Amino acid sequence: RPILMSTPMVQSTLQGRKRRTRRIIKLPSYHPDMTEKAAGKWRIEGMELYDGNGQDEGTLRCPYGEVGDRLWVREAWNRIGDEYVYRATDEDVYPETRWKPSIHMPRVACRILLEITDVRAERLQDISEEDAVAEGVLQVVSNRPSGETVKYNLWNDYRVGKVWCDTAKDSFATLWEFINGPKSWDQNPYVWVIAFEVITN
């Protein structure tokens, strides 16, 4: 199955830092025979997710697959002559290139293949420090003039530069809002947590 990744996330995946990804769980909102929003209760591996109040509607499965399944990464790309090039690694080589959106990448252009090693569901804000680091957050150690050693966490986006935070979780929250919009962290949605290993790049 295909999976979209932003340029910073492709970079952290290629660098071996990103080993998790979180994707919003889309609860079914309509039944074919209804015009109003369904008020159903859905299950995910022991979790109950509520979309209003109503009857038990069944079990949701992760649309990205199960343990052992493979995902091919769609990223910003282009084709120059017979060669595929990628924004995450080739932007400095081809600075004038107009990069094509990841959603339009064909399977033949894919260079990153992932194997799913774990899938679970949880609330977004339940992410741990360890898992935030596994989302690709970079840990940096800095020495202050006083001699105190301070650890910072950051993510780096080519449009807004570096965002420094005191914790990996706070750093991931800023990235989440950059990708999903203002206040999206506060909404605390249910998310699929997909652990993976890179098997080709």
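Here is a short chat about K18 and some salt bridges in this predicted model.

Trainee: Why is K18 called buried?
Mentor: Its relative accessibility is 4%, and buried means under 20%, so K18 counts as buried.

Trainee: What makes K18 and E135 a salt bridge?
Mentor: Their side chains meet at 2.8 Å, N to O. The cut-off is a Lys or Arg side-chain nitrogen within 4 Å of an Asp or Glu carboxyl oxygen, so the pair qualifies.

Trainee: Why does that pair tie together separate parts of the chain?
Mentor: K18 lies in the loop between α1 and β2 and E135 in the loop between α3 and β10, so the parts being tied are 117 residues apart in sequence. E135 is buried as well, at 2% relative accessibility.

Trainee: What does the side chain of K18 reach on R20?
Mentor: The backbone oxygen, at 2.7 Å. The limit for a polar contact is 3.5 Å between N or O atoms, so the distance fits.

Trainee: How do you know that E122 and R22 form a salt bridge?
Mentor: N to O is 2.9 Å, and the limit is 4 Å, so the pair counts. E122 sits in strand β9 and R22 in strand β2, 100 residues apart. With 12% for E122 and 5% for R22, both fall under 20% and are therefore buried.

Trainee: What makes β9 and β13 a strand pair?
Mentor: Pairing needs at least two bridges, and 10 join these antiparallel strands. Within that pairing, V119 stands opposite I194.

Terms used. Residues are numbered from 1 along each chain as its sequence is written. This is a predicted model: local features need pLDDT of at least 70, side-chain atom pairs count only at pLDDT 80 or more; totals for chains, interfaces and linings use all residues. Side-chain values use heavy atoms; hydrogens and water are left out. Buried means under 20% relative accessible area, exposed over 50%, partly exposed in between (1.4 Å probe, protein chains only). A polar contact is a pair of N or O atoms within 3.5 Å; within protein, one must be able to donate a hydrogen and the other to accept it, and residues adjacent in sequence count only if both atoms are side-chain atoms. Helices (H or I, at least four residues) and strands (E, at least two) are DSSP runs, numbered from the N terminus.
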